[in-house]
Amino acid sequence: MSKIKLGILGGGEDSLIGILHRVAANMFDQYEIVGGVFDIEHSKSLKFGEKLQLDQSRIYKNLDELMEKEASLPKEEKMKVVSVLTPNFLHFPMAKQLLENGYNVICEKPLTTTYEEAKVLDELQKKQNTVFAVTYTYTGYPMVRQMKTMIDNGEIGKVQKVDVQYYQGWINPLIHDKEKRAATWRLDPEKSGISCCIGDIGTHAFNMAEYVTGMEISEILADLNYLYEDNPMDIDGTVLLRFSDKIKGVLRASQIATGEENNFTVKVYGDKGGLKWEQENPNYLYLMKEDQALQVLKPGHAYNSEFSLEGTKLPPGHPEGIFDSMGNIYYGIAQAIKENSKFEGAYPRLKDGLRGMNFIEKTVASHKAGNIWVKMQD
């Protein structure tokens with residue numbers, strides 16, 4: 001089968017996320033990047049498209065022009081899926097327009113800036129019956145998929161405690177400088193939504209807690225930190241989680257954890273054992289059981305699940321990282337577009353982004369109401 005024609009919105013020359021998506025798209029030879037809108041300035045977009053050796057006629061001024069020009073192409077040449085890699089406030093209008101025109105969509109998280117917008121996309125996607133992925137990148141790691149499979153298979157018994165932590169320190173130089181924090185788009189609710197820390201990295205932790213356990217969080221209680229009175233966006237927070245009356249957890253997220261780089265840690269404890277995974281050492285999955293030595297599971301070995309092994313590209317002992325993780329997600333999306341999906345959880349779906357937006361709004365609501373328990377259901 002020919003490669004899937006892929007268009008990209010955003011992710012231009014200075015974009016880290018753009019590099020990540022482009023490498024991921026090329027990893028399994030499933031996609032061909034054919035064009036898009038890489039920058040708000042058309043001249044910059046054209047220059048970057050030339051660097052990627054793309055047809056200049058398919059480097060468009062804006063999404064409206066992309067819709068018009070792509071519609072005139074033969075069916076086999078048209079973009080079949082479009083990745084939305086723009087700042088948060090553009091996710092909704094772009095994804096909505098793409099869905100209305102029948103495109104499959106890959107969208108960065110958070111899905112939108114409000115839960116209401118996310119619900120509009122959810123209804124539209126169901127109507128159009130297209131593939132829609134939200135790139136919670138870390139679900140693509142082989143040992144995260146191994147963790148999910150082991151929990152699904154009951155290898156640690158009945159889950160009774162979940163602990164997810166995502167600590168970074170990158171915002172420190174910005175948040176403590178009044179001019180810088182006022183000029184940063186991630187700290188601007190008009191561009192980023194109502195939350196910075198929870199919206200940016202807390203949703204990764206929320207998604208991971210539900211992904212690996214296979215359970216949905218039913219209630220939350222949040223305590224957020226805004227640090228400065230002129231900063232309307234949280235940059236740190238702790239959220240208590242209830243999956244049920246007997247299964248509880250905690251989510252800790254911070255962008256002011258001084259010295260931390262990308263410390264995302266996931267721990268799940270059952271009545272027969274526990275599992276721990278750390279994003280900065282993603283090839284190691286720790287299995288802990290009473291009266292037994294600590295076991296360290298690594299990718300590429302025959303003892304891993306078929307789901308984990310499908311996303312393992314290298315022999316044991318060769319590190320696989322975040323590019324591989326995103327590549328596995330892009331591969332899962334390609335299989336869905338080709339109607340050849342093999343594994344549940346091969347890519348994060350729109351419903352995961354919808355729950356993420358609900359989580360953001362309920363977290364802020366819990367904090368503002370005086371740190372009270374809030375139900376996730378409407």
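At what angle do helix 6 and helix 10 pack, and how far apart are their axes? The close-up views below, taken from a predicted model, begin with this pair.

**View 1. Packing of helix 6 against helix 10.** Helix 6, which covers residues 142–152, packs on helix 10 at an angle of about 50°, and the two axes lie 7 Å apart. An angle of this value makes helix 6 oblique to helix 10. On the side of helix 6 the contact is made by Val144, Arg145, Met147, Lys148 and Ile151, and these meet Met208, Tyr211, Val212 and Thr213 of helix 10.

**View 2. Helix 10, its kink and its surroundings.** Helix 10 runs from residue 197 to residue 213, and its 17 residues reach 23 Å from the first C-alpha to the last, close to the 24 Å expected at 1.5 Å a residue. Within this helix there is a kink of about 40°, centred on Thr203. Because 17 of the 17 residues of helix 10 are buried, the helix is largely enclosed by the rest of the structure. Gly214, which comes just after helix 10, takes a positive phi of about 75°.

**View 3. The open parallel sheet.** Five strands, arranged in the order 2-1-3-4-5, form an open sheet in which the pairing is parallel. Strand 2 (31–37) and strand 5 (132–134) stand at the edges with a single partner strand each, so one side of each is left without a neighbour in the sheet. On average, and with direction ignored, neighbouring strands of this sheet are turned by 20° against each other. Strand 5 pairs with strand 4 (residues 104–107) in the parallel sense over three bridges, and Ala133 in strand 5 stands opposite Ile106.

**View 4. Strand 10 and its two antiparallel partners.** Seven of the eight residues of strand 10 (residues 263–270) are buried, which leaves this strand mostly covered. Strand 6 (residues 159–167) runs antiparallel to strand 10 and is joined to it by eight bridges, with Tyr269 of strand 10 as the bridge partner of Lys161. Strand 11 (residues 274–278) also runs antiparallel to strand 10, here through five bridges, and Leu275 in strand 11 stands opposite Val268. Strand 10 and strand 11 form a hairpin, with three residues between them.

**View 5. Ala365 in helix 13.** Ala365 lies in helix 13, which spans residues 350–368. With a relative accessible area of 37%, Ala365 is partly exposed. Its C-alpha atom is separated by 8.4 Å from that of Ala222, although Ala365 and Ala222 are 143 residues apart along the chain.

Methods. Residues numbered from 1 in each chain as written. Predicted model: local features only at pLDDT ≥ 70, side-chain atom pairs only at ≥ 80, totals over all residues. Heavy atoms only, no water. Helix = DSSP H or I, 4+ residues; strand = E, 2+ residues; numbered from the N terminus. Expected span 1.5 Å × (residues − 1). Bend = angle between axes of the 7 residues up to and from the residue. Buried < 20%, exposed > 50% of the residue type's maximum accessible area, 1.4 Å probe, protein only. Pairing = 2+ DSSP bridges. Axes fitted to C-alpha atoms, helices over the stretch in contact; angles between N-to-C directions. Parallel < 35°, antiparallel > 145°, perpendicular 65-115°, else oblique. Contact = heavy atoms within 4.5 Å.
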